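Work through the exercises below with the structure open. Try each task before reading its solution.

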Amino acid sequence: MTQPSPDNHVHPVAESTGDKYYCPMHCEGDKVYDKPGNCPVCGMHLVNKPFDENKEAGKETCKHCNHTASAGKGDKYYCPMHCEGDKLYDKPGNCPVCGMNLEKVPAAAKKVQYTCPMHPEIIKDAPGSCPICGMDLVPLQPAIDEENKTYNDLLKKFKVAVLFTLPVLVIAMSDMIPNNPLLKIMHQQIWNWIQFALSIPVVFYATWMFFKRAWTSVVTWNLNMFTLIGIGSGVAFIFSVVAMLFPGIFPAQFKTASGTVFVYFEATTVILTLILLGQLLEARAHRRTSGAIKALLKLVPSEAILVTNGEEKIIPIDEIKKGDQLRIKPGEKIPVDGKLLQGTATIDEAMITGEPVPVDKKEADSLTAGTINTTSSFVMEAEKVGAETLLSRIIQMVNDASRSKAPIQKLADKISGYFVPVVVIIAALTFSAWVLFGPEPRYVYAFVNAIAVLIIACPCALGLATPMSVMVGVGRGAQSGVLIKNAEALEKMNKIDTLIIDKTGTITEGKPSVEKIVAAANFNEDDLLQKISSLNKQSEHPLATAVVKYAGERKLSFSEVKDFKTIAGKGVTGTVDNTTIALGNKKLMEEINTVIPESLAGQVYQEQATGKTVSYISIGGTAAGYITITDKIKSNSKAAIEELLKNKIEVIMLTGDNASTAKAVADELNLTGYKAEYLPEDKLNEIKRLQAEGKVVAMAGDGINDAPALAQADIGIGMGTGTDVAIESAEITLVKGDLQGIVKAEKLSKAVMRNIKQNLFFAFIYNVIGVPVAAGILFPFFGILLSPMIAAAAMSISSVSVIGNSLRLRNLKL
């Protein structure tokens, strides 16, 4: 655990004797306290102050890391370049070494890392550009302030670029006006120098980052769109400067009637400004693509009310520990996962499950962080805190999945690798073709069209096609309770033709209840129930929980159990009151050599035929009776299965339950098929068999026994209501834990893959058409040429159109 010091330096909390405590609001200045507690002025929780006083130097030194900080309250500032290491300053201003603006130390010093939207494997500790594609890095964990900063920086540079580009454009375009009025004011050569002066802020300030990225791309040989922009606009700018300084070295074809050489400052500045506009629009759109994660982050409250010995105090959420009792008032968000301890409540879980109807909760019911208490005040107990909460895991899963690569992206990556060299070659061929076959002034045509080819080509649109769709799609799924672990799962889900489902907890509610217990001759029902409930108290299986709950309702006591053993897919055994007890299915009875009388087996068969689960009870090797457990089929299971079947997906149930129960459920739901009395290894082998037949198999399950099958399936779908092991083994997790979530996942997958293909089509078709047109292929037939400035606008639009198309997924109806 960490705490901020008075200067916001983060250090570990010490529990050692002699620690000091201070008020984070500094109500009494720098006063420190010997014991933890609350500030006598504002009542806030005092925090640990592991600093040694150093009166002579007027400094405080952290005992844990030797960090030195100025004593006294107030904001602290640091140099973002860390010119003098970790030195902090008391006042804002400029760094005395590098001159950069000092930045304020944030209240909670969290390390921000950055990644590339196209290359998630790139992770940097500071903002900048991707060393592979040159794109602006974005925060690894979406931070509104960081993304706003990037956007605002680009906006400021864009305003500067427009301010200086417009007059350059006006001067250049005046040549198209008969009897150019500007030439009456000054000679063309002077106007060229004015264009040069106006273009300097655009090239060397507003868009200088493009040239830096281009240089990096050449040095590292990770050629990208900035390579093309840098070459195209750089050549135009250098050509214009040389033309002004040494006009005599150019042939007559390059010269105007007044003897000056044609300059391209307007092409340079307009191209760079339009590229900057594209970057600005991308930054603006990118803020929206991570909107789902930011919405999830906003669900986490910053404080909670801790209840201790009847007293209530507000504490930061980071200080909540397991077992703490928390007061939740109406309208407040639940801060951590836990259970309701005192009272009742109606909880709005829409932000987690996607279901709009609030859920009624009673004592012992589970509560999830980020959900909202809509009605009464209640007390809850914290069970999972920090990164353990479901909300934290959802945020992490969504963030990881947003940065993962789908297999379809490999094609785009492969093409991008050859793209830039091919475009440079095409530009060279364009120049040569115009020089050899073009009309006069052929060198001017050759130069302008070669630049147009370099500028219009857009590998960026190709690279963004997949990751933008994945990011928006994963976020949309999270909002509807469908959590995607990685982009590959999203792509595979689009191809499944067979769905394997478990019965308990997947088709059914997973909340079984005991209907009755039947004792054979010479046995007592309460005695049987007391023994099997004692045995089941050692198990976490839903059926075991139902038996224990039933015994509790009948006020029965529990005995000590020895030699407890779970036999996967069969049942449990153990010793209670020096007697061997077994509870399970027919296979377990056969394994322990318990003979089942025909009369008892007949009764059990009748129960199973109605879809109920029945477990035999063996006492000391003798069949002593059975217990009937019902587990209601979920209300939306039938509708979900019907929709899956309509989409040509076979739905097969594999269950450890008996054949009669399985048949009753399969008939009711019109399943494609079912297999009963299946052990975990049987489920695993069945999936392997289906895969060997060429089936693309998805498996949905919620228990530990489902984990191997979930891992083997092409797509493992974990029910959020199930065990952590099942969720970890799955590639898709359904927060609400019902089959309707699988329908949502399938719809989402199809929509995302369709969106990716649209993006790839736009990117491919744009480049396939744009590059030849820029090269002048239409000129011999229609006299059409593409200005480099129009090419730059088209290139920017191509990237923005890909992002815009991806953003349509935000409105997808699931």
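The exercises that follow concern a predicted model.

**Exercise 1. Overall make-up**

Task: State how many helices and strands the protein has, and what share of its residues counts as buried.

Solution: Start with the secondary structure. The protein has 24 helices and 34 strands. Next, turn to burial. The chain total is 814 residues, and 50% of them count as buried. Finally, look at the contacts with a separation of 6 or more. Of these, 63% join residues 24 or more positions apart.

**Exercise 2. An open sheet**

Task: Give the strand order of the open sheet with seven strands, and name its edge strands.

Solution: Trace the order across the sheet. It reads 22-34-33-32-23-30-31, with mixed pairing. Now take the edges. Strand 22 (482-484) and strand 31 (673-675) each pair on one side only. Then check the twist. With direction ignored, neighbouring strands are turned by 20° against each other on average.

Zoom in on one pair. Strand 33 (residues 715-719) joins strand 34 (residues 732-734) through three bridges, in the parallel sense. Within this sheet, Met719 has Leu734 of strand 34 as its bridge partner.

**Exercise 3. A helix across the sheet**

Task: Find which strands helix 18 lies across, and list its buried residues.

Solution: Place the helix first. Helix 18 (residues 659-669) lies across strand 30 (650-654) and strand 31. Its direction is about 160° to strand 31. Angles over 145 degrees count as roughly antiparallel, so that is the class here.

Next, list the buried positions. They are Ser660, Thr661, Ala662, Ala664, Val665, Ala666 and Leu669. What do they pack against? The partners of the buried residues of helix 18 are helix 16 (598-608), strand 28 (613-619), helix 17 (637-646), strand 30 and strand 31. Last, step past the helix end. Asn670, just after helix 18, has a positive phi of about 55°.

**Exercise 4. A helix pair**

Task: Classify the packing of helix 13 with helix 14, and describe the contact by residue class.

Solution: Take the geometry first. Helix 13 (residues 525-536) packs on helix 14 (residues 542-553) at an angle of about 130°, and their axes are 8 Å apart. That angle makes helix 13 oblique to helix 14. The crossing is left-handed.

Now collect the residues. Helix 13 contributes Leu529, Ile532, Ser533 and Asn536. Helix 14 contributes Ala544, Val547, Val548, Tyr550 and Ala551. Sort them by class. The contact of helix 13 with helix 14 has seven nonpolar residues, two polar ones and no charged ones.

Terms used: Residues are numbered from 1 along each chain as its sequence is written. This is a predicted model: local features need pLDDT of at least 70, side-chain atom pairs count only at pLDDT 80 or more; totals for chains, interfaces and linings use all residues. Side-chain values use heavy atoms; hydrogens and water are left out. Two strands pair if DSSP finds at least two bridges between them. Helices (H or I, at least four residues) and strands (E, at least two) are DSSP runs, numbered from the N terminus. Axes are lines fitted to C-alpha atoms, for helices over the stretch in contact, and angles run from 0 to 180 degrees between N-to-C directions. Contact means heavy atoms within 4.5 Å. Angles under 35 degrees count as roughly parallel, over 145 as roughly antiparallel, 65 to 115 as roughly perpendicular and the rest as oblique. A crossing is left-handed if the near helix is turned anticlockwise from the far one by less than a right angle, and right-handed if clockwise. Ala, Val, Leu, Ile, Met, Phe, Trp, Tyr, Cys and Pro count as nonpolar, Asp, Glu, Lys and Arg as charged, and the others, Gly among them, as polar. Buried means under 20% relative accessible area, exposed over 50%, partly exposed in between (1.4 Å probe, protein chains only).
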